[in-house]
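Me: I have just opened this one and would like to walk through it slowly. Could you help me get started?

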Amino acid sequence: MSTEPLVDFDELLTRYEPVIGLETHVELGTASKMFCGCSTTFGAEPNTQTCPVCLGLPGSLPVANEMAIESTIRIGLALGCRIATWCRFARKNYFYPDIPKGFQTTQYDEPLCTAGHLDVEVDGETYRVEIERVHLEEDTGKNLHVGGATGRIHGADHSLIDYNRAGIPLVEIVTRPIPGAGAKAPEVARAYVTELREILLALGVSEVRMEQGNLRSDVNTSLAPIGSLEWGTRTETKNVNSLRSVERAVRFEMRRQAAVLDAGERVVQETRHFHEDTATTSSGRSKEEATDYRYFPEPDLVPVAPDEEWVAKLGATLPELPAARRARLTEEWGLSPTEMAWLVNAGALGLVSDTVAAGASPADARKWWLGELARRANDAGVELSELSVTPQQVAQLAGLVSAGTINDQLARQALDGVLAGEGDPAAVVEARGLAVMGESDELVAAVDAAIEANPDVADKVRGGKVQAIGALVGAVMKTTRGKADAATVKRMLEERLS
Ligand SMILES: [Zn+2]
């Protein structure tokens, strides 16, 4: 728990201007590792997916994974980057147990993609995030610190290393510093990672499961007095692995650094750890300079030289990107930008889009996913996409309502059945006998019984107090367990009581 003094967020904005920047690592979803044929499947027994190459054994030789290079170029193109016509891998030398070779194979001064941008929207305002570089490297192994209370090395009595992750292709996407976001800096950081994740999903290059560490961001934050010509010293909060945490890490660092500056001290340039439980950061190590790593071109790998034709071919495989898709659907569905933002924030855009594709009207699809289903997901504490109902089933449900087979209330009961695994809505309606009652003998009997059981109410209606009829409609709906059509019941009652 941090005991460092913090300045109130709104107050610090009256004196300081933040600059943020993000370095995001994405594990590519290739079947094999970056420089060897080992599998990349998540969750295997420790150290079962290794070989002499990814263990850095003497005499082993790496070969670059073509699919990983393709994916990186596609990411670069989606971000509007220039693609290098010739570039090399480099060795970044450092000793750490999770890096068995004693160096990481990465790209240094010759990245594959440079000079792109990504526009993100926060509260209706667009912020352009300049992308400095997109390069390819390999992931490290994973340390497991055993015996301590926190799982960190501090307090542990021994550590285990799993090299299954060592050598998995990793793309690093580095932004240029982002000034000018002011109070919105934490949200811009979050919006950037959110949009980047959407693009990576659309490209199909990674599963981008943040909880599995497929995507993690290092968040740079600095503060300078308003009007200052120089930017402040930045800190780098490492490996932030949820969208919410990206926003919280920026917010915390702004508040902490403001207190340091207010006290007349200097912000230390260092890496910091983010703590999910308290939404605070704590000091890591002081930041190494590039010269500490003794970078040099990797002698065991041939240079990468994507020719124009190949790059053009990859460019032609780019899908419709998320921003363009949102703009198109906003138009097609007749939504306001705010309504589209709600859909996106609820994580419902894909689901609604699939439901529309399955035959529902956009209005019905939105109504079900943002209404009843959002409520149920919220009650169950799960994401919308985790509910056991498919867009096709929701479309079928909406179809049954618009055909008059069931009403909204019965549809909610049908949904109970679908979520309980009883099958498609039509099957549940059939099995549970949920169809709306027509003007059957049963309904006539129920209407007559309601009048008979409530003679005083019936008299009121006959005497002109028409609104009293609601109580009778309610009584009929109750005896028919919601299966009657309320409008039909009302009309039948009116006929009898006029
Ligand atoms: Zn290997």
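**Salt bridges and one buried residue**

Reply: Let me begin with a pair of charged side chains: in this predicted model, E339 and R366 meet in a salt bridge, with N and O 3.6 Å apart. E339 lies in helix 7 (residues 337-345) and R366 in helix 9 (residues 362-370), so the pair ties together parts that are 27 residues apart in sequence.

Me: Is E339 buried, exposed or partly exposed?

Reply: E339 is partly exposed, as its relative accessible area is 24%.

Me: Which residues do shared salt-bridge partners join into one network?

Reply: That network is made up of E4, E253, R256, E270 and R272.

Me: And how many salt bridges are there in the whole structure?

Reply: A search of the whole structure gives 35 salt bridges. One of them links R15 with D262, whose closest N and O atoms are 2.6 Å apart. R15 sits in the loop between helix 1 (9-12) and strand 1, while D262 belongs to helix 4 (residues 243-262), so this pair ties together parts that are 247 residues apart in sequence.

Me: Changing topic, where does T40 lie?

Reply: T40 is in the loop between strand 1 (16-27) and helix 2 (66-78).

Me: Why does T40 count as buried?

Reply: Its relative accessibility is 17%, and buried means under 20%.

Me: What does the side chain of T40 reach?

Reply: The T40 side chain reaches the backbone oxygen of T30 at 2.6 Å. Leaving aside residues up to four places away in sequence, T40 touches T30, A31, S32, K33, Q49 and I168.

How values were computed: Residues are numbered from 1 along each chain as its sequence is written. This is a predicted model: local features need pLDDT of at least 70, side-chain atom pairs count only at pLDDT 80 or more; totals for chains, interfaces and linings use all residues. Side-chain values use heavy atoms; hydrogens and water are left out. Helices (H or I, at least four residues) and strands (E, at least two) are DSSP runs, numbered from the N terminus. Buried means under 20% relative accessible area, exposed over 50%, partly exposed in between (1.4 Å probe, protein chains only). A polar contact is a pair of N or O atoms within 3.5 Å; within protein, one must be able to donate a hydrogen and the other to accept it, and residues adjacent in sequence count only if both atoms are side-chain atoms. Contact means heavy atoms within 4.5 Å. A salt bridge is a side-chain nitrogen of Lys or Arg within 4 Å of a carboxyl oxygen of Asp or Glu.
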